[in-house]
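Before you read on, please look over the sequence and the structure shown here. The notes are meant for someone meeting this structure without earlier acquaintance.

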Amino acid sequence: MEHNTKADYIAKKSAWKAVTLFRILFAWLVIPLIIMIADIIKLKHQTIEFYDNYIIQKSGVIAKSERKSAFMGIVSVSVNQSIRGRIFNYGDISVDAVGKWDINTRGIANPESLKRYLNTRMVTTSGYRNSTIFVA
């Protein structure tokens with residue numbers, strides 16, 4: 001599926017999410033190392049493209065998938081980061097949206113940037129989007 005317009009914002013997954021203490025401690029074992037490398041490759045090929053009225057979630061290296069969802073409005077946004085996430089700048093974004101939010105926003109690289117973008121899409125009590133950016 002080809003899209004002629006440029007995305008307003010593109011969120012990428014962080015490969016640091018695949019690197020765990022267990023996998024590092026047992027890296028001398030071949031299987032955890034292969035799994036970690038496969039996870040890194042998989043995460044590097046996942047993006048979420050935000051357009052004015054829709055969102056496209058893309059994933060896959062060999063077998064590719066793409067899902068398009070309506071982008072109505074955001075009620076609230078929060079960022080959850082572990083200590084490792086703060087060090088390597090990745091985290092989970094929790095979104096309360098108009099309708100159902102079924103976009104996977106776990107393990108997002110640079111989550112504060114995505115939060116700032118989503119705050120611009122926030123719905124006010126009058127039903128219109130904010131024109132200012134709120135940073136918590």
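The points below deal with the nonpolar core, the aromatic rings and one arginine, in a model that is predicted.

1. The largest nonpolar core holds 19 residues, and those that touch the most other members are F50, F71, I74, I93, W101, L114 and L118. Two or more residues of this core come from each of β1 (9-12), β2 (47-50), β5 (74-80), β6 (90-97) and α4.

2. One of those core members, I93, can be followed further: once its neighbours within four places in sequence are left aside, I93 is in contact with V77, S78, V79, T105, I108, P111, L114 and L118.

3. There are five aromatic pairs in the structure. In one of them, the ring centres of F50 and F71 are 5.6 Å apart and the planes stand at 55 degrees, so this pair counts as tilted. Because F50 belongs to strand β2 while F71 sits in the loop between β4 (65-70) and β5, the pair ties together parts that are 21 residues apart in sequence.

4. Both rings of that pair belong to buried residues, F50 with a relative accessibility of 0% and F71 with one of 3%. A single aromatic cluster is formed by Y9, F50, F71 and Y117.

5. R121, in the segment after α4 (111-120), deserves a separate look. Which side chain of opposite charge is nearest to R121? That side chain is D52, 4.1 Å away, and R121 is buried yet has no salt bridge. The backbone oxygen of D52, however, lies 2.6 Å from a polar atom of the R121 side chain.

Technical notes. Residues numbered from 1 in each chain as written. Predicted model: local features only at pLDDT ≥ 70, side-chain atom pairs only at ≥ 80, totals over all residues. Heavy atoms only, no water. Helix = DSSP H or I, 4+ residues; strand = E, 2+ residues; numbered from the N terminus. Buried < 20%, exposed > 50% of the residue type's maximum accessible area, 1.4 Å probe, protein only. Lys, Arg positive; Asp, Glu negative; His and termini not counted. Salt bridge = Lys/Arg side-chain N within 4 Å of Asp/Glu carboxyl O. Polar contact = N/O pair within 3.5 Å; in protein donor to acceptor, adjacent residues only side chain to side chain. Core = buried A, V, L, I, M, F, W, Y, C linked by side-chain atoms within 4.5 Å. Contact = heavy atoms within 4.5 Å. Phe/Tyr/Trp six-rings, centres within 6.5 Å; stacked < 30°, edge-to-face > 60°.
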